[in-house]
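Student: Could we go through this structure together? I would like to learn how each label is earned.

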Amino acid sequence: MSGRSSAPPGPSSPGDAASTRQAQPDLANLSCPLPLTHAHQIMLGHGSGGRLTHDLVRHLFLSTFDNPALRQGDDAARLEIPSAGRLAVSTDSHIVSPLFFPGGDIGRLAVCGTVNDLAVMGAVPHWIAAGFILEEGLSLETLERVVASMGAAAAEAKVVIVAGDTKVAERGKADGIFIHTTGVGTIPPGRDVSGAGARPGDVILISGTLGDHGMAVLAARGGLAFAVDVESDVAPLNGLVEAMFAAGNGIHAMRDPTRGGLATTLNEIAGQSEVSIRLDEERLPVRPAVAAACEVLGFDPLYVANEGKLVAVVSPEAADGVLAAMRSHPLGREACRIGEVEAGAESRVHLRTRLGTRRVVDMLSGEMLPRIC
Amino acid sequence: MKFVDEYRRAKDVHALAAAVRRAVTRPWVIMEICGGQTHAIVRHGLDQLLPPQIELVHGPGCPVCVTPLELVDKALAIASRAEVIFASYGDMLRVPGSGRDLFSVRAAGGEVRVVYSPLDAVRLAQDNPDRQVVFFAIGFETTAPANAMSVWQAKRLGLRNFSLLVSHVRVPPAMHAILGAPENRVQGFLAAGHVCAVMGYHEYPPLTDRYHVPIVVTGFEPVDIMQGIYRAVVQLERGAAEAENAYGRAVTFEGNLPAQDLIHRTFEDCDRAWRGIGVIPQSGWRLRPGLAEFDAERRFDVESIQPAESPLCMAGKILQGLAKPNDCTAFATACTPEQPLGATMVSGEGACAAYYRYGRLPVRVPLSEGDIA
Amino acid sequence: MCLGVPGKIVEVHDANGLRMATADFGGARREVCLSYTPEAGVGSYVLVHVGFAISVISEDEARETQSLLEEIGALGEVSPR
């Protein structure tokens, strides 16, 4: 973080300005009476490409993300491709409210989301490009916190933020901050992981509990006025993925079940692979607090977003080894088997309930809203 | 969760299902009143555990489904007004009016807010004194005490910017209408447990006496529903027709007297149109004349739009137990949760939505007397 | 209709003239109005619908259901009530 704290605090609202003007001027200690609010807020000028932009970029983004590519200061980063294999590229926009929530923030979400999209393709993530759309009036302190969090997440994931862009939108047109990230990684030769890779007989593994992120963010948003003893699980999963590959071959498909939840993700895989998937309700790991919050609002944890979990479809021979590797990693301690790929090209996901009955698990349709019925 | 998990135990559900199988000697048609019960049956696959002689038909206990089209259109018109913040339970957002819904009103710039509780809508009015807050007060008797309290709270707080758009419906008149219809096939009822938590079940003996059908007050968890079915079957096999309580932990004969008191001080009986079914006399509640200042229909001059129902939609027949969702030609083709033609496809409790989400169950051919499976 | 969930009252207070409480549903907590269950207090389990307690859960009746289930499990049927 850059040293910005020396400017005297200016009035933060018109009311405050009025009370400042009414105070008796202290002529002995006169200092410039112009309020320095611009030092604490993003203004349109910060996005215009001139000195304000340069100052912001240098003092905040460059100093936090510091690396050789950024130090060049060019319009694009020139990078050595580290190893043989294929490139993987992924892109995402991040809009979240509130910006800070228990367990994370939009910055961490942006870095981890893109790292994870690469990791579940079997890629080793290397580089991230980040574009920011800042709302006029966004407090600089907020931006600093978000950027610091991105820097920390990048370091944790061992990726480098090599390119960036900043624009400023008028007040009211950007909900604080929107972040767009593009990530590039390389897939080592021999790895072929894809949503189309699931085969009958394959085992479905989940790396941990379902629904933590979605419920933590919903609670933090405040509109439904409930509290829940759970934090977002947002985390970079590339370390976990490497541990899984080290256990041997046999990983056919992987995905991180973000918006739409596990149900939507598995429906996607079932569709791409043209198989049916059976989940066992008994085995689905859900924290009691998440289960309780879902009951109260009428939600199903299968549809609630996760930001630090992955689902893997592995060959039956490899399942035990991969599961053991997951459990020995900090982000996979609660990993477990939750189902199987079945023969039959319906491309559907079924749930075997605790009662032994069956029902179809469809994709999430529309927005999940609390219900009274 | 206490008082929830204990009522989901597989061994108890199977023991009850076995008891039903042993008790039944001929076909019976049983209707579960409440959409929440329909949802539970389909979600847990409870009908897969029942012997084929038991046919469950789904009742009209889905307040979202039965809210008259004209009232939905009024809601849309009010929500579109610039000065209005329209507060609603989540269930109503996707219910189709004549051509659009609250979601599309929001997309067009109307301020539509989802609330979990009517008191949250009152808070909105306090926090936004320069806006008119209109709360969509739908529901059966279960929700009436909460909706009623919002009016008295607004009165106590002296709020001039709060009003209700009321569409309350009552269960006993609907049961009269179903039982009195010449084509009725229902031989026994599972009464709505949470309606009864408020109203008690003292309104049912006149129904059991007049129509000679057993009515069993039933809860919502798998054990509760199986128990309700078991008790209904035992009565049917015995030729009995009593009002019985299988949800004693939450329901008493008299019901919740303070809640009934406030309901009667807030609302008065009126005729109500049930979407898809028609007008059922004295089946609704409206605000008493003394509380007219809180009636949104009076406060806002909304011209009666000619409501236009889709000709393909057979929700009315489904709500009366005369047809199943997959009897409808539009089911899952022209009519899906994303593009619903009728309210039963939208509400989480609507039979069509339940069938769609959980797998389109094959139509059960009812056995005739003398068949033993 | 009627999503109703049992929660345990963990504290009670007054707000804007209404008797309110915090209900714990097993790790998720929400404010609920106790106006309709004046007999409920800290430690009571109440059935909550749209932020209102509409009924106090009777532990006696819950036990009754349990013994009914045991009867069914043991005898295969239950005596008429």
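Tutor: Happily! Keep in mind that this is a predicted model. Let us begin where chain C meets chain B: 44 residues of chain C are in contact with 55 residues of chain B.

Student: What makes a residue count as being in contact?

Tutor: Its heavy atoms must come within 4.5 Å of heavy atoms on the other side. Chain C and chain B also bury about 3,800 Å² between them, with 65% of that on carbon and sulfur atoms.

Student: Why are R123(B) and E31(C) called a salt bridge?

Tutor: The cut-off is 4 Å between a side-chain nitrogen of Lys or Arg and a carboxyl oxygen of Asp or Glu. For R123(B) and E31(C) the N to O distance is 3.8 Å, so the pair qualifies. Three salt bridges are found across the interface of chain C and chain B.

Student: Which element gives the largest share of the side of chain C that touches chain B?

Tutor: Several elements of chain C supply at least two residues each, among them β1 (5-15) and α1 (59-75). The largest share, nine residues, comes from α1(C). By class, that side of chain C has 25 nonpolar, 13 polar and six charged residues.

Student: How do you know that the length of helix α11 of chain B agrees with what it should be?

Tutor: Helix α11 covers residues 222-238 of chain B, which is 17 residues. At 1.5 Å a residue it should span 24 Å, and its end C-alpha atoms are 24 Å apart, so the two agree.

Student: Why is α11(B) described as largely enclosed?

Tutor: Of its 17 residues, 15 are buried, so the rest of the structure largely encloses α11(B). After the helix comes G239(B), whose phi is positive, near 75°.

Student: What does chain A contribute to its contact with chain B?

Tutor: Chain A gives 25 residues and chain B gives 37. Together they bury about 2,700 Å², 54% of it on carbon and sulfur atoms. L355(A), I372(A) and C373(A) supply 25% of the area that chain A buries against chain B, more than any other three residues.

Student: What makes R8(B) and E295(A) a salt bridge?

Tutor: Their closest N and O atoms are 3.1 Å apart, which is within 4 Å, so the label fits. The rule finds two salt bridges across this interface of chain A and chain B.

Student: Why is D212(A) said to tie together separate parts of chain A with R287(A)?

Tutor: First, the two form a salt bridge, with the closest N and O atoms 3.2 Å apart. D212(A) lies in helix α6 and R287(A) in the loop between β10 and α9, so the pair joins parts that are 75 residues apart in sequence.

Student: Is each partner buried, partly exposed or exposed, and how do you know?

Tutor: Buried means under 20% relative accessible area. D212(A) has 2%, so D212(A) is buried. R287(A) has 30%, which falls between 20% and 50%, so R287(A) is partly exposed.

Student: How do you know that R348(A) and D362(A) are buried?

Tutor: The same test works here: R348(A) has 17% and D362(A) has 15%, and buried means under 20%, so both labels hold. The side chains of R348(A) and D362(A) also meet in a salt bridge, at 3.8 Å from N to O.

Technical notes:
Residues are numbered from 1 along each chain as its sequence is written. Chains are lettered from A and ligands numbered from 1 in the order in which they are written. This is a predicted model: local features need pLDDT of at least 70, side-chain atom pairs count only at pLDDT 80 or more; totals for chains, interfaces and linings use all residues. Side-chain values use heavy atoms; hydrogens and water are left out. Buried area is the accessible area (1.4 Å probe) that two parts lose on being put together, summed over both. Helices (H or I, at least four residues) and strands (E, at least two) are DSSP runs, numbered from the N terminus. Ala, Val, Leu, Ile, Met, Phe, Trp, Tyr, Cys and Pro count as nonpolar, Asp, Glu, Lys and Arg as charged, and the others, Gly among them, as polar. The expected span of a helix is 1.5 Å times one less than its number of residues. Buried means under 20% relative accessible area, exposed over 50%, partly exposed in between (1.4 Å probe, protein chains only).
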